[in-house]
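Subject: The structure I promised you

Hi,

Here is the structure we talked about, with the sequence alongside. Have a look around in the viewer first, then read on for what turned up.

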Amino acid sequence: MTSETITAAASGSWTLGDLPVRRIGFGAMRLTGSAAFHLGTPSDRDRSIAVLRRAIELGVDHIDTAAFYFSSLRSANELINSALAPYPDDLVIATKVGPFRDYSGEWGTPARPDQLRAHVEENLRQLGRDHLDLVYLRRTGQDSIAEHFGALAELREAGLIRHLGMSSIGLRHLEEAQAIAPVVSVQNQYGLDFPNAETDELLRTCGEQGVAFVPYFAIAGKGGAQGPSGSDGDEVLAVARTHGATPAQVRLAWTLRQGPHVLAIPGTGSPDHLVENVAAGALRLTDDEMARLDALHRPGE
């Protein structure tokens, strides 16, 4: 693949509510360090800013972030603000609320419904915005999300939020939220080597309802916040060799083939990996290759 010449436009597009975005976006989590949150060493600030600006040059118009994306020296939202403000008119910035990390980086008690406004306003302050394009309620173990989602729906009515999404949920939570306010996007952990029958069903349901499905850790898989494990199976490596692609590009291409409503938000602090990730939107896997990879995701079927 000639990655340097490929832009995000090659991935196609989807509309989040009334906001069109290209299907390859950018996840800001890894801008802050060598691993997510406080798990690695802080990033070089100038390099992270350069990555963000290069993403825009490559046609990326969808950035996923959160106020709790920070390391001991870096804040993803501050980097986005410094690199991109004043923001391009077509740039969609999505953020998440609910979880909380204290100044030392340790996870604290998740927000109560009455505390979500403060989470929203902190994102607004850090990003330098007067409204947020898309806010996900990240479920943090609640059996019912009605009160939390209802609080965000009120902030949407107040004009602080344009569209609402849900993260780390099951199908019943989506149904519960939709009874309160429109849901334009769902964000769950999902990837080639992360089989989960309930999430597969949720992905299909989102497609039927015109709701975007935005997986996180699509490249990292089971490595999660620690990053990719570096152990790709023979099938992934064989497909990558056939296309002159990287295993990460194959994983992203497989993810995008799960439906036109599926978006990808690979994150990186590396300019080279950014170019490769964006180029994955142009990788077209054959039906035979998809079948072989699907067998890895759904073993035994």
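Let's start with a small puzzle: in which loop is Pro-86 found? Pro-86 belongs to the loop between α2 and β5. What makes that spot fun is the cis peptide bond joining Ala-85 and Pro-86, with omega at about -5 degrees. As background, most peptide bonds are trans. Before you get too attached to any detail, keep in mind that this is a predicted model.

Now the sheet. It is open and made of 7 strands, in the order β3-β4-β5-β6-β7-β8-β9, with parallel pairing. At the edges are β3 (26–27) and β9 (212–213), each of which pairs on one side only. Within the sheet, β6 (residues 132–138) and β7 (residues 161–167) run parallel and are joined by 6 bridges. If you want a place to zoom in, Leu-134 stands opposite His-163 in β7. Helix α4 (residues 146–157) packs on this sheet and touches β5, β6 and β7. The direction of α4 makes about 165 degrees with that of β7.

There is also a hairpin, built from β1 and β2 with 2 residues between the strands. Here β1 (residues 13–16) and β2 run antiparallel, joined by 4 bridges. Leu-16 has Leu-19 in β2 as its bridge partner, and Gly-17 takes a positive phi near 70 degrees. In a regular strand, side chains alternate between the two faces of the sheet. You can see this along β2 (residues 19–22): Leu-19 and Val-21 point to one face and are buried, while Pro-20 and Arg-22 point to the other and are not.

Which residues that are not glycine have a positive phi? Two to look up are Ser-168, at about 60 degrees, and Phe-217, at about 65 degrees. For comparison, most residues other than glycine have a negative phi. Ser-168 lies in the loop between β7 and α5, and Phe-217 in the loop between β9 and α7 (234–243). Ser-168 counts as buried because its relative accessibility is 19%, and buried means under 20%. Phe-217 counts as buried too, at 18%.

Next, two more loop residues. Is Thr-65 buried or exposed? Thr-65 is buried, because its relative accessible area is 0%. This residue lies in the loop between β4 (62–64) and α2 (76–84). Leaving aside neighbours within four places in sequence, its contacts include Ala-28, Ile-80, Ile-93 and Thr-95. Ala-179, in the loop between α5 (171–178) and β8 (185–187), counts as exposed at 69% relative accessibility, since exposed means over 50%. The C-alpha atoms of Ala-179 and Gly-150 are separated by 9.9 Å, with the two residues 29 apart along the chain.

Last, a pocket. The second largest one has a volume of about 500 Å³. It is lined by 22 residues, and the closest to its centre are Ala-67, Phe-70, Arg-101, Glu-122 and Gln-126. β5 (92–97) and α3 (116–127) each supply at least two lining residues, and α3 gives the most, with 6. By class, the lining has 8 nonpolar, 7 polar and 7 charged residues.

Happy exploring!

How values were computed: Residues are numbered from 1 along each chain as its sequence is written. This is a predicted model: local features need pLDDT of at least 70, side-chain atom pairs count only at pLDDT 80 or more; totals for chains, interfaces and linings use all residues. Side-chain values use heavy atoms; hydrogens and water are left out. Buried means under 20% relative accessible area, exposed over 50%, partly exposed in between (1.4 Å probe, protein chains only). Two strands pair if DSSP finds at least two bridges between them. On a 1 Å grid over the protein atoms alone, a cavity is a set of points where a 1.4 Å probe fits but cannot get out, and a pocket is an open set with protein on both sides within 12 Å along at least five of seven lines; lining residues have an atom within 4 Å of a point. Grid points are joined across faces, edges and corners, and a volume is the space filled by probe spheres set on the points. Ala, Val, Leu, Ile, Met, Phe, Trp, Tyr, Cys and Pro count as nonpolar, Asp, Glu, Lys and Arg as charged, and the others, Gly among them, as polar. Contact means heavy atoms within 4.5 Å. Axes are lines fitted to C-alpha atoms, for helices over the stretch in contact, and angles run from 0 to 180 degrees between N-to-C directions.
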